[in-house]
Every structure is written in C-alpha cells, then in structure tokens.
Amino acid sequence: MKIIVLPGDGIGPEITEATLRVLDVADQALSLGLEFETHQIGLVALKEQGTTLPDHVMARIPQADGVILGPVSHYDYPARDKGGINQSGELRVKFELYSNIRPCRSRKGLSILRKPMDLILVRENTEGFYSDRNMFAGSGEFMPDPDMALSVRKITAKASARVARTAFALARGRRKKVTAVHKANVVKMSDGLFLREVRRVATDFPDVELEELIVDATAALLIRTPDRFDVIVTTNMFGDILSDEASELSGSLGLGGSINLGDSICVAQAQHGSAPDIAGQGIANPTSLILSAAMLLQWRGQRDGNALILSAAQLIERAVDQVLDNPATRTRDVGGGLDTRAFTDAVIATLTNVLANNAAA
C-alpha cells in the first residue's frame, strides 16, 4: 500500500512524523507492506518551487493508495496567481472528494456533555458557500464596486445525491438513522434541492430512518441531546461549522479523525489547522492525524477486502483510546502533561501491547 505523505505547514511536519511512527509499528507487526512517499507542499514548496501545490504532487496522488495531508496555513498564502493554492480545496475539487467524514465520540473526562455523543458527520465537500472552489473558472465571490461584495452558493443535484448516499451507507452499518441538516426555510431553492436529492436517495435505504432538521436547531440539540444523532449529512459550510462544534463538545477538535473521500481516492486530514503559534515547540497533539490515518487504512482495507489492514486500523484506534482514557498520558492541550513525542511514545507502547494481545488471541 503506497501512501503519499504531504506534511504541510505549522505543526504539520511534527504531527505527520508522529503519525508515520505509529503506522510503522503497525506495519512491522502485521506486515502490511506500507510504503510512504513524501512530498513538500505549502510554504516550503512555495519558497523552493514557486507554488504551494506543485504539479508533480497532483500527478502522483491518483497513482497512490491513499494520501496523508498535514495541516496547511492557506490563510497566509499569497494570491493564487502568485502560487498560493489552497490544497484542501484543490484536492477536494480536482479529485472529486465529495464526502468529508468526521466521527465525533464523547471521551470520558474530556467531554462537557451531560449525555453521550457517538455520531458521524458527513459533509458535502466540493461546492456550497465555499466560493473559492465552486465555479469551473474564476471565483463565486466578487465585488461589483468597492463597497459591495457578493458570494454565490452553488448546490447541485449530483453533489447532494452522492454525499447523501455516503451518509446512508454509513448509517446502515450503525444505528440506521440519517439527519439531513438544512436551512430550507430561508434558502429555499438551494437547500430545497439538497433535500430533494437526500429524500430520493433515502428510498434506496428503506431500513434507514430519515430525519430533517434546520441547522440552528441542530447546533442547539448537539448540546442538549447529542445522543439523538447517528449520521448527520449536510452541505459544505454547515458541515464545517457543525463538525467543529461536535468535536469540541465531545472532547476537543484535536481528538477526532477525518477523511476526504471520493469514488477512488481517500485523503486523511486532521480536523484542526496548522497552529503556527506552537509550531516547532514539540507540544502539538497528533491524535487527530493519527486517527485520520487509521480511517484511511479502514477505507483501504474495506475497499480491497484486506483483513490485515482493517485490523491495523481498529488496533490503532484502540491504542489511541486507551492512551486518552488515562489523564496522565494526555497532551497538554487536553489537560495532560505530555509533549508530542512522549504522547506518541505512549501510543506506540500501547499499540505494541494491543498487537501482542491480538496475536495471542
């Protein structure tokens, strides 16, 4: 299994190194045959190659079995015509990574919720209010005069249907409920189209319940009754906001995995940003990227019918859970005292034990 590794900016190289250390332990123990091919992107690539996303990197991605993308500081990039390409948006659009999948599960001692949360948020990933990536040419955001700015939201039947299908397929393997989140009471045409396609896809999944909920009510109910949700499906910006809310409520934005998924390409990407203010200090929490990499393995294992890769994904997640369950082995951002390397060492030590117990079973 060949994995393209793009360390990114800020804390990206640090948490990417931690993630690869964990994957290497699983690889050595289970003979997974993982191969890592690293390429520079972001500010390093901009300085050396004049672009934050070199063409040769884009060319290699379809030839690999998966991608690990570290956090990027795209807010600090120059304009696109000066080499500043937002890699997250570019990969999602160019490779049609239409589903952003983010599990959110309460963690004991870290969640502020009174009731447990165990949900998956499936966010449409290629259009919506994200005007920098929703047009064939140019941007959906423009200024007719110096004192007026307009932004076009794009919703298509195709994108709505395919992200809905992802959500229903996930729900079928869980508690069989999908909540479609919208604002059709206000943006009637665009969210109306989204709901039309979700309802149409729902007819192919008669065993899965469909609930429809307005986005502001969803934001409130995630706090009051998080246990009512199983799989949430929604448009791009609503999904971005709600997934961050759910992650923070369940423990921390730094504790949830995330993948960007298309029909044949999967990109593992941490839920959080590049945190340049702590870059190079060795205190970043690598949990999100480690769990995202485990999700990548799970996707590949399911796709290929590879039980070993599936097992590796499950065991890595189990090891991370055990380390986070112990307040003494948490990183500083979630109340512990460990730095990046010490936390990764704890995950590796736990994973080694989990692997040994699994082999003995």
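## Salt bridges

Searching the whole structure, which is a predicted model, turns up 29 salt bridges. One of them pairs the side chains of Arg107 and Asp321, with N and O 2.8 Å apart. That pair links distant parts of the chain: Arg107 sits in the loop between strand E4 (99-105) and strand E5, Asp321 belongs to helix H10 (residues 307-325), and 214 residues separate them. Both partners are buried, Arg107 with a relative accessible area of 10% and Asp321 with 15%.

Asp118 and Arg174 make another salt bridge, where the closest N and O atoms are 3.6 Å apart. Asp118 is in strand E5 and Arg174 is in the loop between helix H5 (157-172) and strand E8 (177-182), so this bridge ties together parts that lie 56 residues apart in sequence. Here the partners are partly exposed: Asp118 comes in at 33% relative accessibility and Arg174 at 26%.

Then there's Asp204 with Arg165, whose closest N and O atoms are 2.9 Å apart. Asp204 is in the loop between helix H6 (188-202) and strand E9 (209-214), while Arg165 is in helix H5, so the two tie together parts 39 residues apart in sequence. Asp204 is partly exposed at 42% relative accessibility, and Arg165 is partly exposed at 35%. Elsewhere, Lys2, Glu35, Glu37 and Arg60 are joined into one network by salt bridges that share partners.

## Helix H4

Helix H4 (residues 87-94) is mostly covered, with six of its eight residues buried. Those six are Gln87, Ser88, Gly89, Glu90, Leu91 and Arg92. What does the covering? The list for the buried residues of H4 includes helix H2 (42-49), helix H3 (55-60), strand E3 (66-69), E5, strand E11 (259-261) and strand E12 (266-269).

The ends of H4 are worth a look too. At the N-terminal end, Asn86 acts as a cap: one of its side-chain oxygens lies 3.1 Å from the backbone nitrogen of Ser88. Following H4 comes Glu96, which has a positive phi near 50°.

## Thr235 and its neighbours

Thr235 is located in the loop between strand E10 (231-234) and helix H8 (236-250). Is this residue buried or exposed? With a relative accessible area of 4%, Thr235 is buried.

Leaving aside residues up to four places away in sequence, Thr235 touches Arg123, Glu124, Arg153, Ile155, Asp191 and Phe194. With one of these, Arg153, there is also a side-chain to side-chain polar contact of 3.2 Å.

## Cysteines

How many disulfides are there? The count is zero. For Cys104, the nearest cysteine sulfur is that of Cys266, 17 Å away, and that is too far for a bond. Both cysteines are buried, each having 1% relative accessibility: Cys104 and Cys266.

## Out at the surface

Met135, Phe142, Met148, Leu150 and Val152 make up a nonpolar surface patch, and together they have about 380 Å² of accessible area. Met135 is in the loop between strand E5 (118-124) and strand E6 (141-145), and its 33% relative accessibility makes it partly exposed.

Arg224, in helix H7 (residues 215-224), is exposed, with a relative accessible area of 58%. Its C-alpha atom is separated by 30 Å from that of Met189, a residue 35 positions away along the chain.

Terms used:
Residues are numbered from 1 along each chain as its sequence is written. This is a predicted model: local features need pLDDT of at least 70, side-chain atom pairs count only at pLDDT 80 or more; totals for chains, interfaces and linings use all residues. Side-chain values use heavy atoms; hydrogens and water are left out. Helices (H or I, at least four residues) and strands (E, at least two) are DSSP runs, numbered from the N terminus. Buried means under 20% relative accessible area, exposed over 50%, partly exposed in between (1.4 Å probe, protein chains only). A polar contact is a pair of N or O atoms within 3.5 Å; within protein, one must be able to donate a hydrogen and the other to accept it, and residues adjacent in sequence count only if both atoms are side-chain atoms. Contact means heavy atoms within 4.5 Å. Patches are made of residues with over 30% relative accessible area and no salt bridge: like charges are joined within 9 Å, nonpolar side chains (Val, Leu, Ile, Met, Phe, Trp, Tyr) within 5 Å. Accessible areas come from the Shrake-Rupley method with a 1.4 Å probe; for residues, only the protein chains shown count as cover. A salt bridge is a side-chain nitrogen of Lys or Arg within 4 Å of a carboxyl oxygen of Asp or Glu. A disulfide is a pair of cysteine sulfur atoms within 2.5 Å.
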